[in-house]
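The following paragraphs walk through selected parts of a structure, moving from strand pairing to ring contacts and then to a loop. Please keep the sequence and the model in view while reading.

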Amino acid sequence: MERYVIPRASSPDKPKRLRRPQWKRSLAELSGRISSKLRHEYSSLLVESYGEIGAFPLCSSVNGEICRTQLTRLVNDANRNHQIPLTREGISGLEFDRKGIYLATVSKSGCLTVHDFETVSCTTNGLSSNEAKQVLHISTNRQLDVVRWNTTNQDEVACASLRHNEVLMFDIGYVSSDPVEVLKMKLSTLHGLEACSGVSDVTFTSDDNARLFASGLNGAIYAWDRRLSHYPYLELTSNSRSSLNSIQLNMENWVIFGANKHGIIYAWDLRGGKTSVAFQSHKEVHNPPMTSMKLSSMLETITSLKEQSNIVPKEIHSIDFDPSCPYQLAFHLDDGWSGVLNTHSLQVTHVHCPPPAWLDSEDSSTGYTNIRKPAWIPTYSIYAVGSSSSNGIHLLDFYPHKSSACHVDFSEGVETTSQETNQTTRNTYIPLSKSVTACAAHPLNGTIVAGTQQTSLLVIS
């Protein structure tokens, strides 16, 4: 038997220890801390799980009478069959409150609706739309394009219209169709011409419930202190009369950004110089931006993108800060492109370029183009964008690292995968039943609610 036995090779007294990879999931469970890198690796499972779970139209009647939104939808359905020009309709804006309890929506037809999110979830799970009673439903006599919650007073909602130079403040605790306060924009003159009326966007400061900003169609931003007057005390002007489509305050409320129709992002510093004096003395002061950034010029510096595309200035529909990475400012263009501007380096770090809308054979059923409003999914750096050419949304990986699928330095040959899950985050397209105009993500569970051109809500979860 000895000849069949292979003698064991001599081994050192201390055998070499095998190095095994750390159990990332177990380590996170033991420490109670989930790193951003681990969250990014597992976000691929999240985006693949999303799908449309239900849809329902807005309320069809108020106090027994048909509302303007439902009336517009019925008229357009009748006119569509006879090829008559359609009246503008659709969800123009929606936003969750800070805790995700309520969802506020506004329509082109002039309806402000505040939903209980639990009721919306129940409706998509089989209840009829009549059972989905709204917390508040107001049918106004004007087109509504913007809705924002007051960051520090979650009982207040601000609404604005591209056709009126006023900001309407509603209190959801009052059962009244009249706003509790109306903030009026002064029609000043720029370059000898009267400024155009209309409000394109509204934003609140996070440290004071009385201060808010609104952008006008004349390329200026106005600031109100509601304790002093219904008129703005500060006007921030740009070197262009092109209308600003979207404005955003950074986390510290120090800098406000504005994006216009010519593809330029402006930034105003609210901390120093004349602007600081204006905040102390509450006197109206005209201030130019501290910097301006032309997106088309910044995109041309990306060699791989310039080799494949003819880059021209495009209208910016929306800008929005990443809640999990405050220096990432996302932008969305009217041709469907999306990306991220790093506000520290002032460079474009992420880009997503879907096929152009003209490649899609389907014709638009509305005959007009809405301003699309995407939304960030909290804690994951995922950007939900309504498609410009089809019925669906893109979930884009805008993680602030080269491992992001949309990063300008991302390499297909070098993939960063999780050794435990073997998953790599990729952009995901989710087909939907209707065309999306605006998105809002629940601040806690990441459920996406999308408004459509047909004035209905889709729940994607």
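Two strands are said to pair if DSSP finds at least two bridges between them. The model considered here is a predicted one, and in it strand β28, residues 382–386, and strand β29, residues 392–397, pair in the antiparallel sense over five bridges. One position that helps to place this register is I382, which stands opposite D397 in β29. The connection from β28 to β29 is a hairpin, made through five residues.

On its other pairing, β28 meets strand β27, residues 375–377, again in the antiparallel sense but over three bridges. Here W376 stands opposite Y383 in β28. These two strands also form a hairpin, with four residues between β27 and β28, and T379 in that turn has a positive phi of about 70°.

How much of β28 is covered, and which way do its side chains point? The strand is mostly covered, five of its five residues being buried. I382, A384 and G386 point one way from β28, while Y383 and V385 point the other way, and all of them are buried. The residue pair W376 and Y383 returns in another setting, since ring pairs link W376, Y383 and F398 into a cluster.

Elsewhere in the chain there is an open sheet of four strands, in the order β23-β24-β25-β26, with antiparallel pairing. Because β23 (316–322) and β26 (347–352) stand at the edges, each with a single partner strand, one side of each is left without a neighbour in the sheet. From one strand to the next, the twist averages 25°. Within this sheet, strand β24, residues 325–333, and strand β25, residues 338–342, pair in the antiparallel sense over five bridges, and the bridge partner of A330 in β25 is V340.

Turning to the aromatic rings, a search of the whole structure finds seven aromatic pairs. Why does the pair of F96 and F117 count as edge-to-face? The ring centres of F96 and F117 are 5.3 Å apart and the planes stand at 75°, and planes over 60 degrees apart count as edge-to-face. Since F96 lies in strand β4 (residues 91–96) and F117 in helix α4 (residues 117–124), the pair ties together parts that are 21 residues apart in sequence. F96 and F117 are both buried. Another aromatic pair, formed by Y266 and W268, is tilted, with 5.9 Å from centre to centre and 40° between the planes. Y266 counts as buried because its relative accessibility is 1%, and W268 is likewise buried, with a relative accessible area of 1%; the cut-off that applies to this reasoning is under 20% relative accessible area.

The last stop is a loop residue, S176, which lies between β10 (166–171) and β11 (181–184). At 32% relative accessibility, S176 counts as partly exposed. S176 and L136 are 40 residues apart in sequence, yet their C-alpha atoms are 9.0 Å apart in space. A polar atom of the S176 side chain also lies 3.2 Å from the backbone nitrogen of D178.

Methods
Residues are numbered from 1 along each chain as its sequence is written. This is a predicted model: local features need pLDDT of at least 70, side-chain atom pairs count only at pLDDT 80 or more; totals for chains, interfaces and linings use all residues. Side-chain values use heavy atoms; hydrogens and water are left out. Buried means under 20% relative accessible area, exposed over 50%, partly exposed in between (1.4 Å probe, protein chains only). Axes are lines fitted to C-alpha atoms, for helices over the stretch in contact, and angles run from 0 to 180 degrees between N-to-C directions. Rings of Phe, Tyr and Trp (its six-membered ring) pair if their centres lie within 6.5 Å; planes under 30 degrees apart count as stacked, over 60 as edge-to-face and the rest as tilted. A polar contact is a pair of N or O atoms within 3.5 Å; within protein, one must be able to donate a hydrogen and the other to accept it, and residues adjacent in sequence count only if both atoms are side-chain atoms.
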